[in-house]
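Good morning, and thank you for joining this group meeting. I should like to introduce a structure that will be new to many of you, and I invite you to look at it with me.

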Amino acid sequence: MKLIVNGEPREHEAGNVAALFAIEAEERALPAEGIAIALNGRVVRRTDWAETPLSEGDRIEIVRAMQGG
Amino acid sequence: MAHHDTNLAAQAGDDLLEIAGQKLASRLFIGTAGYPSQGIMADSVRASGAEVVTASIRRVSLQGHGSDTFQKLKGKRFLPNTAGCETARDAIMTAELAREALDTTWIKVEVIGNRETLYPDVVELMEACRHLVDDGFTVLPYCNDDPVICERLADMGCAAVMPMGSLIGSGMGVANPANLELICRRSPVPVIVDAGIGTASDAVIAMELGAAACLINTAVAKADDPVRMAAAMRHAVEAGRLAHLAGRIPRRGRAEPSSPQLGLVGS
C-alpha cells in the first residue's frame, strides 16, 4: 500500500497507525516519547493509534519535539 | 547581615510569576536550540534556573536520530513553539501536534510574516491565537512590541503576551524601551520579552521596564561560554525584577550630593 509519510511516498504493509509507527520508529531510531502523528491533516491521539486504520494514498505526518527557541 | 539576606530571599520567593494559574519562581524562560552540544544545553538550562524551556516540533527524518534531547530536561515545563510557520493554519496544526507530542496545552504561537526579518505576521497570528484559545490552549504569542496588538491578544484570552525586544537572534536588546514600558504598564496579562536580548544588561533593562519575564535563547546558546551566560541571565532577570519592584530614582540633570551638607571640615 502506498502512503505519503512526511511528504515522501513510502510502501507500507502496516494496517493501522500503531503498526506504521512501530516500523518507522525502528527504521528511524525514534524515541518513544515526544512524538505526534497526524493522518490526512488531523492529529491522531496515541491512545487511538491502534484503532486508526490506514488506506492507500493516506498522508501521514510523524513529528517529534526537538530543540527550539 | 545573614538575617537580612534571608529576608531578601524570602521576599523574592514571594514574587512568583503566574501564568494561567501556574506559579513559577523563575522569570527566565530559556530556549534549547543552537548550543554547541546537548550536554552544554542541559548544563546551561540548569545554570539558568529556568523552569520553562522552549521546544520546536519538526518532522522526523529518514536518517534517524541521536540521543533524545528531552531526557536531559525531565522535570522542566515545556513551552513548544510554532516557529517557522507562516500561516495561521500551519501554526494551528503545529500546536495540535505539540500538544500531543509533549502533553501540554502551553504553546508559544509564532507566525512569521517575513523570512528575512522574522517579523510576526499579526493578521495570521491573531487568527491562530483566536482559534487556539477557543480550543483550550494556553496561548503565549510572540508578537510585535505594539501596545494595541498586545491588548487585543490579551483581550482574546492569551495567557501572556511575548513582544519582541528586537529582531529574533539579533542581540540588539530592547529596541524600543518606551513601547515596552507602555505595554508592561497597560497589560492585564504577563509580558514576556521574547527575542533580541543580547547580553545580561539587555535582560536587566527589559525587567526594569516592567516585563514579567524574559525568554532567551541565542544570547545564551551562542555565547562563548553558554553555561556562564545562562548564570548571568539568571542574575540579570532577578536584578532587573528587584530594581523594578524597588522603584528607581528619577533622572535629574544636576548633581545631588549624597553625603550630609552640614559639619564639613575646614572653612
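Let us begin with a single residue, A:I62. Beyond its neighbours within four places in sequence, A:I62 is in contact with residues that include A:V5, A:N6, A:L20, A:F21 and A:I37, as well as B:R58, B:R59 and B:V60. Please bear in mind that this is a predicted model.

Where along chain A does A:I62 lie? Its place is in strand β5, which covers residues 59–67. Because its relative accessibility is 0%, under the 20% cut-off, A:I62 counts as buried. The C-alpha atom of A:R28, 34 residues apart from A:I62 along the chain, is separated from that of A:I62 by 11 Å.

I turn now to the pockets. The largest pocket holds about 550 Å³ of space. Its lining consists of 19 residues, and A:E61, B:D90, B:M93, B:T94 and B:L97 lie nearest the centre. Strand β5 of chain A supplies at least two lining residues, as do β4 (52–59) and α3 (88–102) of chain B. The largest share, five residues, is that of α3(B). By character, the lining comprises nine nonpolar, four polar and six charged residues.

The second largest pocket contains about 420 Å³ of space. In chain B, the elements β4, β10 (213–216) and α8 (218–221) each give two or more residues to its lining, and α8(B) provides the largest share, with three. Of the 28 lining residues, A:G69, B:E110, B:I168, B:N217 and B:T218 lie nearest the centre of this pocket. Here the division is 12 nonpolar, 11 polar and five charged.

Key. Residues are numbered from 1 along each chain as its sequence is written. Chains are lettered from A and ligands numbered from 1 in the order in which they are written. This is a predicted model: local features need pLDDT of at least 70, side-chain atom pairs count only at pLDDT 80 or more; totals for chains, interfaces and linings use all residues. Side-chain values use heavy atoms; hydrogens and water are left out. Helices (H or I, at least four residues) and strands (E, at least two) are DSSP runs, numbered from the N terminus. Buried means under 20% relative accessible area, exposed over 50%, partly exposed in between (1.4 Å probe, protein chains only). Contact means heavy atoms within 4.5 Å. On a 1 Å grid over the protein atoms alone, a cavity is a set of points where a 1.4 Å probe fits but cannot get out, and a pocket is an open set with protein on both sides within 12 Å along at least five of seven lines; lining residues have an atom within 4 Å of a point. Grid points are joined across faces, edges and corners, and a volume is the space filled by probe spheres set on the points. Ala, Val, Leu, Ile, Met, Phe, Trp, Tyr, Cys and Pro count as nonpolar, Asp, Glu, Lys and Arg as charged, and the others, Gly among them, as polar.
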